[in-house]
Amino acid sequence: MARSFGRAAASYDNAAHLQRAVCRQLLSQAAGEQTPKTILDLGSGTGYGSELLRKRFPQAAIIALDLAEGMLRYARDRRPVADCHIAADAEQLPLADNSVDLVFSSLALQWCYRLPQLFSELKRVLADGGRCLVSTLGPGTLSELKHSWAQVDGGVHVNRFLPLDEWQGAAFDSGLPGDVEREQRVLHFDDVRQLMRELKNIGAHNVNRDAGRGLSGREKLRRLAEAYEERRSPAGLPASYEVIYLRLAKGAGKGVGLPPGNAELQLGTRAAGPPRGN
């Protein structure tokens, strides 16, 4: 994952329409928050979120942390707003206990699959009363691509993402109560190649990819395109994203937070990015 996203650093911003929209939406949920002294931008990427956080909390110390050193180098060169940049794994944070007032993570933690370990680390580094704002992706993401590939072969061609109840349960069990929200966003593309190219440009092409290469690979892509065409709408070929938002707090006290199975869910549809992928 680090190599994939590191290679995509230069092309990421031009393709990250959805990522920027979700980042702005997540930051809007910080309205009314007390000014944090220290913010962890977890999965900071090219620094877009760090830049928004700096404008929202100009006096805070911002730690930009990402698994991909290439992303961090890009952020230091193009968006030097964070106070420090750290290359590290979200499941093994090189930060002191109780040292962060706000953890902000937008569309980065979907690549973590050991949720108990992840939330244990988030709770450890958060100060008492600290907040955690997270956006991630659910299994409904790229469902059209997944179903179209299923008409071609039985391989795993689309990344797997964990469902909302696993995120909610792991957060609750770790002692980080809060609430969740879910929405659907849809992008449209002229053709399958444009979609695949955008996924590659943001570094999110399938890490479990086992599709054939060479002539057989081109044949599979032709068949994929034919299968996907059945889903075309007047706006183009749809690509759906299931976005999950978590608003969590450490030491929030009695009456704050929702136990597993009782999350506050809102399902809507938002158009993110320019129509038809242009």
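The exercises below concern a predicted model of a single chain, and each is followed by a worked solution.

**Exercise 1.** Determine how many helices and strands the chain has, what share of its residues count as buried, and which atoms supply 48% of the exposed area.

*Solution.* Begin with the secondary structure, where the chain shows 10 helices and 8 strands. Next, consider burial: of the 278 residues, 53% count as buried. Then turn to the surface, where the chain exposes about 12,800 Å², with carbon and sulfur atoms supplying 48% of that area. Finally, examine the contacts with a separation of 6 or more, of which 82% join residues 24 or more positions apart.

**Exercise 2.** Identify which residues of helix α4 are buried, and what covers them.

*Solution.* First locate helix α4 at residues 48-56, in which Tyr48, Gly49, Ser50, Leu52, Leu53 and Arg54 are buried. Then look for the elements that cover these buried residues, which include helix α3 (17-28) as well as the strands β1 (38-42), β2 (61-66) and β4 (100-106).

**Exercise 3.** Classify the packing of helices α6 and α8 by orientation and by handedness, and describe the contact by residue class.

*Solution.* Take α6 (residues 115-125) and α8 (residues 164-174), whose axes lie 9 Å apart at an angle of about 45°. Because this angle is neither under 35 degrees nor within 65 to 115, the two helices are oblique to each other, and α6 passes α8 in a right-handed crossing. The contact is made by Leu115, Pro116, Leu118, Phe119, Ser120 and Lys123 of α6 together with Glu166, Trp167, Ala170, Ala171 and Ser174 of α8. Sorted by class, this contact has 7 nonpolar, 2 polar and 2 charged residues.

Definitions and conventions. Residues are numbered from 1 along each chain as its sequence is written. This is a predicted model: local features need pLDDT of at least 70, side-chain atom pairs count only at pLDDT 80 or more; totals for chains, interfaces and linings use all residues. Side-chain values use heavy atoms; hydrogens and water are left out. Buried means under 20% relative accessible area, exposed over 50%, partly exposed in between (1.4 Å probe, protein chains only). Helices (H or I, at least four residues) and strands (E, at least two) are DSSP runs, numbered from the N terminus. Contact means heavy atoms within 4.5 Å. Accessible areas come from the Shrake-Rupley method with a 1.4 Å probe; for residues, only the protein chains shown count as cover. Axes are lines fitted to C-alpha atoms, for helices over the stretch in contact, and angles run from 0 to 180 degrees between N-to-C directions. Angles under 35 degrees count as roughly parallel, over 145 as roughly antiparallel, 65 to 115 as roughly perpendicular and the rest as oblique. A crossing is left-handed if the near helix is turned anticlockwise from the far one by less than a right angle, and right-handed if clockwise. Ala, Val, Leu, Ile, Met, Phe, Trp, Tyr, Cys and Pro count as nonpolar, Asp, Glu, Lys and Arg as charged, and the others, Gly among them, as polar.
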